[in-house]
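These entries record what I looked up in one strand, the sheet around it and the contact between two chains. I kept them in the order in which I checked each point.

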Amino acid sequence: MSAAVIVFPGSNCDRDCKVAVERSTGQPVSMVWHQETELPKGLDLIVLPGGFSYGDYLRCGAMAVQSPVMQAVKQAAEDGVTVVGICNGFQILCEAGMLPGALLRNAGLKYVCKPIALSIANGQTRFTAGYQGQREVVMTQGNGDGNYFADADTLARLEGEGQVVFRYVENPNGSVADIAGIQNARGNVLGMMPHPDRAFEAELGSADGAILFQSIYAAA
Amino acid sequence: MSIPQKTMAELAADYGLAPNEYQVLLDRLGREPNQVELGVFSVMWSEHCSYKSSKTQLMKFPVTGERVICGPGENAGVIDIDDGDACIFKMESHNHPSYIEPYQGAATGVGGIMRDVFTMGARPVALLNALRFGDPSHEKTRRLVSGVVSGIGGYGNCVGVPTVAGETNFHAGYNGNILVNAMCVGLAKADSIFYSAAPAAGHSVVYFGSKTGRDGIHGATMASAEFDADSDEKRPTVQVGDPFAEKLLIEATLELMASGAVAAIQDMGAAGLTSSSVEMAGKGGVGIELDMDKVPQRETGMTAYEMMLSESQERMLAVLKPGREADGERIFKKWGLDAATIGVTTDTGRLVLKHHGETVCDVPLAPLFDDAPLYDRPWVQPELQPRLAPADVPAPDSWPDAVLSVLCCPDMASKRWIWEQYDRHVMADTLQDSATGADAGVVRVHGTDKGLAVTSDCTPRYVQNDPYEGGKQCVAEAWRNLTAVGSRPIAITDNLNFGNPQRPEIMGQIVRATDGMAEACRALDFPVVSGNVSLYNETNGVAIPPTPTVGAVGLLPNYDVTVGFGSMAEGDVLVLIGETVGELGASIYLREVLGREDGAPPPVDLALEKKTGDFVRDRIEAGELTCVHDLSDGGLIAAAADMALASDCGVELDATSATHAHIFLFGEDQARYLVAVPDAAALIEHAQNAGLHASVVGHARGSDFASGELFRIPLAHLREMHEAWLPAYMEGRT
């Protein structure tokens, strides 16, 4: 099993993701700089971490899509490699067209940081199978632009195809259909606003995030 | 800037130099300075940079100790936290700019304090802030709260450093001058600390980071003067922050340090390029020559004066080891930062600036330090408030109303609206933060079993009524908060916020408050390793309440032992450790229920404080206590309510043994802790054997917050009221 975290200059959860995956799975994780045009060979998992990739003074994630490494990430996803985008990583996946929809400004117009309960909307994905029927998980989130939006047709497709993976139990930001995380149609790309990378040990308040990474490794 | 048609002496006055100070400058130069030289001297001799009014007071603080690696005088203080690890921290104010332009003022305050910490080689790992706003009903308060909070969040969240603790007060005394004190805590290796003194002549001086613009010119001078009716016109002296640039700067700086290329380094904070170049050369006992044409500039046609005085953010100045310029170029290119070799260290002991082929400044460096004015300003003993006797403080007419007034007033109400805007979890090492029930923030020392506890404390109403006891109390409360989470208090940083020191009554506050702080630091073995002084917090002659904020750091050798106050369980017994005499002077009860702010604050018995705290910490380390809360604002009732809310468990307080229930429940006597334990007998016996008071004061039971016949408030209602005030206020509903 081989994993890499993509590092944009303004990523600030890159180390968190590396540590979270390593502690959850016991496997080493490499870091890939945004200027790289090729990824390490034989990757099973690519993580796009949270942060403010290029400052996000423009739309969040919009500039990151233009970085050299993203071509390689897109190609890897098309080749079936598992890709997880967390927070800013989710925004980048939407901007890159790798996931449908967009993340808008939070309904309250403010940054919101808090532990948050999520219901598992689809427990049959490679990301959630490890929860083994567990209905709810707790993670923390922190973002200003976490308000997921998709048009009605897209939403119907997401719902119909089981692409909604996580929903908020109490919607913190106005996300349509309480959506906190979605996967692509093929089921190998996940984007989510809450942070499994900040919930991988009990002393952090929750270890539920560890199961997500373990799940991916079990499926690989 | 056009050269004004003023004499140099008049210009000196405009730049904030007193006539006697200007005369010293003339004597040292042996000639009249030009505008650039005058600018350099005026900022270096400003209150902000020279500490000319406070230095004699700061000398009183203990600054050494077993764990002190570097005390005051560098960018930040450095302490030893074992195993070759060091913790670097400092608190700094950004009061004046935050009042004028709250978002940018607060944001750049956070940016500036982070730079002080990573300039010394530390990765920032925790942020705190201490905020004081005016009366909620004042027309500016709501906008200032909104701007300051989003500015702090906008900067810290983007850079990716968790904001884990803080405090917020409201008082009419801050109507004209709010206080924004930000603290940053970082981690480094004890053998890789970086200092500012340039080691020798002939080294390249490298500028890197953002370009220099015309923002913030003379910001340090602004911060050294009072406000008046035209203060809003000072907006151009406020800098604009770019947290993304700061993030790049942190990574590039730490990478440059790791490469071994750095001989000396200094961030460009207050007084920008002037203070950074002067500090590096002056501390190193060398000279420095800069070519202003090489300074990366954001705007065209900038003069040397503007470049030297600009406070554009996110800039660093480094002296590189000979032959290591290529390391710098590689790293700056990687992070996309502007960089240029703008000068060289010399053996002349002079600051020489060249611009467009001309020498625009040529002054000796020594007088900038050696002849910096130092004032032992006249002061008068502050007028002290009398101690209140029980008879002076009536019981409440309505107990339930009084309890809710104390617990839900602006100072005591939940600050969720604020801290939910701060990323408290990035770096994935946060164990305790503003949202968890604990007296201090706690972050893990990454990759180890150790933890750092951090807190910020000041009770201005105590300092106002008795600066000496109030000064002691700020230090003691910080120490107590660190103790209550099980950590061993190590050292403090202080942020002294006062009015105009040229007024003897204000100087009296400064002298006595620092006397008290120094005594507490000595008694608690709690040295001062860094600090900042913010004076002239006055508008139209009205000064702020004296506010010497204390930021403190404690070490948890094993973070597993840390405790909070959110683990109380049904059936637990509440035990109060420490003695209650009944101090209601300057209390929350007095102010919120009786509408009075008089009376002597609670005295601090420092020996008792130490004995009590050491006892509690020993019990925590022995695993005997898991639910601990210090007593402070609002006394026993506030501590018990915090515990009940954080644990989601009702409390029945027993005040029947007290002569006056309101004095017992609302008194703010110091050196006390409330703990919840399944069985009280052993603990009480243990405490009594140690010579401490300890008694059962209540039980965890049911779903009400109650005390016998006095009051019974459903916990759900208390929570709703406690949470309601700030969001309602910010939405304009109150």
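Entry 1. I began with a cross-strand pair and found B:Ile577 opposite B:Tyr673, the latter in β25(B). The model is predicted, and I read each entry below with that in mind. I then looked for a second pair and noted that B:Leu574 faces B:Ala676 of β25(B). I recorded that β22 of chain B, residues 573-577, is joined to β25(B) by five bridges, and that the two run antiparallel.

Entry 2. Which strand is joined to β25(B) by three bridges? I found that it is β23 of chain B, residues 628-630, again in an antiparallel arrangement. Here I noted B:His629 as the bridge partner of B:Leu674 in β25(B).

Entry 3. I next asked whether the residues of β25(B) are buried or exposed. Strand β25 of chain B covers residues 673-677, and I found five of its five residues buried. I sorted them by direction: B:Tyr673, B:Val675 and B:Val677 point one way, while B:Leu674 and B:Ala676 point the other way. B:Leu674, the partner of B:His629, and B:Ala676, which stands opposite B:Leu574, thus share a direction from the strand.

Entry 4. I traced the whole sheet and found it open, with seven strands of chain B in the order β23-β25-β22-β26-β24-β27-β28 and mixed pairing. At its edges I placed β23 and β28 (711-714) of chain B, each of which pairs on one side only. I noted an average turn of 20° between neighbouring strands, direction ignored.

Entry 5. I looked for a helix against this sheet and found α24 of chain B, residues 681-689, packing on it. I listed β22, β25 and β26 (694-700) of chain B as the strands that α24 touches. For the direction of α24 against that of β26(B), I recorded an angle of about 155°.

Entry 6. I turned to the contact between the chains and counted 21 residues from chain B and 22 residues from chain A. On the side of chain B that touches chain A, I found that α8 (141-159) and α10 (243-258) of chain B each supply at least two residues. Of the elements there, α8(B) gives the most, with four residues. By type, I divided this side of chain B into 11 nonpolar, six polar and four charged residues.

Methods:
Residues are numbered from 1 along each chain as its sequence is written. Chains are lettered from A and ligands numbered from 1 in the order in which they are written. This is a predicted model: local features need pLDDT of at least 70, side-chain atom pairs count only at pLDDT 80 or more; totals for chains, interfaces and linings use all residues. A residue is buried if 20 or more other C-beta atoms lie within 10 Å of its own, exposed if 12 or fewer, and partly exposed in between; C-beta atoms are placed from the backbone. Two strands pair if DSSP finds at least two bridges between them. Axes are lines fitted to C-alpha atoms, for helices over the stretch in contact, and angles run from 0 to 180 degrees between N-to-C directions. Two residues are in contact if their C-beta atoms, placed from the backbone, lie within 7 Å. Ala, Val, Leu, Ile, Met, Phe, Trp, Tyr, Cys and Pro count as nonpolar, Asp, Glu, Lys and Arg as charged, and the others, Gly among them, as polar.
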